[in-house]
Amino acid sequence: MALLDFFKQNRKSGSAAKAKERLQILVAHDRAGPGPSYLPQLQRDLIKVIRKYVHVDQDAVNVRVEQEGNQEILELNIVLPDS
Amino acid sequence: MARIIVVTSGKGGVGKTTTSAALATGLAARGHRTAVIDFDVGLRNLDLVMGCERRVVFDLVNVIQGEAGLRQALIRDKRQPNLSILAASQTRDKDALSLEGVGKVLDELAESHDYIVCDSPAGIEKGATMAMYFADDAIVVTNPEVSSVRDSDRMIGILSSKSRRAEQNLEPIRERLLITRYSPERVAKGEMLSIEDVQDILALDLIGVIPESESVLNASNAGVPVIMDEASNAGQAYQDMVDRYLGEELPHRFTTVGKKGLFGRLFGG
Ligand SMILES: Nc1ncnc2c1ncn2[C@@H]1O[C@H](COP(=O)(O)OP(=O)(O)OP(=O)(O)O)[C@@H](O)[C@H]1O
Ligand SMILES: [Mg+2]
């Protein structure tokens, strides 16, 4: 049993590996900063448009820019209210 | 000329106050005139960890607002003649701290001290930025855990952009990493980020690794900084941290699973 454990440990299959992977992504994102300066205005405009159809909270719309390789991805996240 | 050291982290509850008390006590025990300031306005607890809570009459905010002189507010430590403590205010709002006021207090302290240790509150807002603004050195306290490492990374960014040294284009703050609540057993099982994992992400020199230890709670229950508990591994690890701060090169202790020998490792037990 102990012998087996010893080899398992060396393979780094535990949750720590997952933690590190998540951290690398998180930290890269944090360091990239808040993104282009038009994002807040875009967010406000989006809320206005969406509110023509359904009432959403101020914080229901989330806009951010992701860097993936050499591509920039604009990510919109809109949470609709429970009806 | 005093050296100003901020103990900071971003995330709360990772061991800043424990570390500030240890560092200040350790520096004073080595003969340096040391002051330690609690910047956690509203939630003061450095005085509790140092065991001087019943002697607090005036605090940092009283001094800044001119209601007491620095000399009146400084509490002389009972164990270390070279150590004084400036408590945080318990009641007032955070706006009571101003950069100008803090700067004046630090200037006055610098005249009669070699080291000034600033215990930062949690967060990356005003209280924390106030504590680190004037720093020459920073100890970034981090637990081997996702949110703590992330917050430390953000704090490192702030240290290098929003401090006096950054704004005045001086030599940057010397930042070093202290990993606390480290459990080599859990690291060996792959359940906890290792020293190398944390360093890979934060890229700072390591000033120490403090093991997870029951002695820390025992010490704070008694109001005696854990660094004075020479029998405990956490106390010894803090002694090493102070020596490293003062320039000694020492290997890191208590970072690997206790020596069981090959036989024990292969066959359990
Ligand atoms: N090495 C350690 N082993 C075990 N417990 C520890 C260790 N370091 C700190 N603790 C415990 O963690 C808790 C928080 O410690 P501490 O008050 O020093 O953190 P803090 O960063 O100052 O918190 P806050 O952000 O609230 O000011 C305390 O209960 C303390 O006893
Ligand atoms: Mg604290």
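This briefing walks through chain A, then a sheet, a buried residue and a pocket in chain B. Keep in mind that the model is predicted. Chain A combines three helices with two strands, while chain B holds an open sheet of eight strands. Chain B also supplies residues to the lining of the second largest pocket, which has a volume of about 430 Å³.

**Chain A**

- Reading along the sequence of chain A, you meet the pattern α-α-α-β-β.
- Chain A has 83 residues, and 18% of them are buried.
- About 6600 Å² of chain A is exposed, with 53% of that supplied by carbon and sulfur atoms.
- Among the contacts in chain A with a separation of 6 or more, 33% link residues 24 or more positions apart.

**The sheet in chain B**

- Strands of a sheet pair through backbone hydrogen bonds, in either a parallel or an antiparallel sense.
- In chain B the strand order is β3-β4-β2-β5-β1-β6-β7-β8, and the pairing is mixed.
- The edges of this sheet are β3 (75–76) and β8 of chain B; each has a single partner strand, so one side of each is left without a neighbour in the sheet.
- Strand β1 (residues 3–8) of chain B runs parallel to strand β6 (residues 137–142) of chain B, and four bridges pair them.
- To find your way along this pair, look for I5(B), which stands opposite D137(B) in β6(B).

**A buried aspartate in chain B**

- D136(B) sits in the loop between α6 (126–132) and β6 of chain B.
- D136(B) counts as buried because its relative accessibility is 7%, below the 20% cut-off.
- Setting aside neighbours within four places in sequence, D136(B) is in contact with A2(B), R3(B), I4(B), R164(B), R165(B), I173(B) and R174(B).

**The second largest pocket**

- Rolling a probe the size of a water molecule over the atoms reveals where empty space is left.
- The second largest pocket, with its volume of about 430 Å³, is lined by 22 residues, of which G13(B), V14(B), G15(B), T18(B) and R181(B) are the closest to its centre.
- At least two lining residues come from each of α1 (16–29), β7 (174–182), β8 (205–211) and α11 (214–222) of chain B.
- With four residues, α11(B) gives the largest share of this lining.
- By residue type, the lining of the second largest pocket has seven nonpolar, ten polar and five charged residues.

Terms used. Residues are numbered from 1 along each chain as its sequence is written. Chains are lettered from A and ligands numbered from 1 in the order in which they are written. This is a predicted model: local features need pLDDT of at least 70, side-chain atom pairs count only at pLDDT 80 or more; totals for chains, interfaces and linings use all residues. Side-chain values use heavy atoms; hydrogens and water are left out. Buried means under 20% relative accessible area, exposed over 50%, partly exposed in between (1.4 Å probe, protein chains only). Contact means heavy atoms within 4.5 Å. Accessible areas come from the Shrake-Rupley method with a 1.4 Å probe; for residues, only the protein chains shown count as cover. On a 1 Å grid over the protein atoms alone, a cavity is a set of points where a 1.4 Å probe fits but cannot get out, and a pocket is an open set with protein on both sides within 12 Å along at least five of seven lines; lining residues have an atom within 4 Å of a point. Grid points are joined across faces, edges and corners, and a volume is the space filled by probe spheres set on the points. Ala, Val, Leu, Ile, Met, Phe, Trp, Tyr, Cys and Pro count as nonpolar, Asp, Glu, Lys and Arg as charged, and the others, Gly among them, as polar. Two strands pair if DSSP finds at least two bridges between them.
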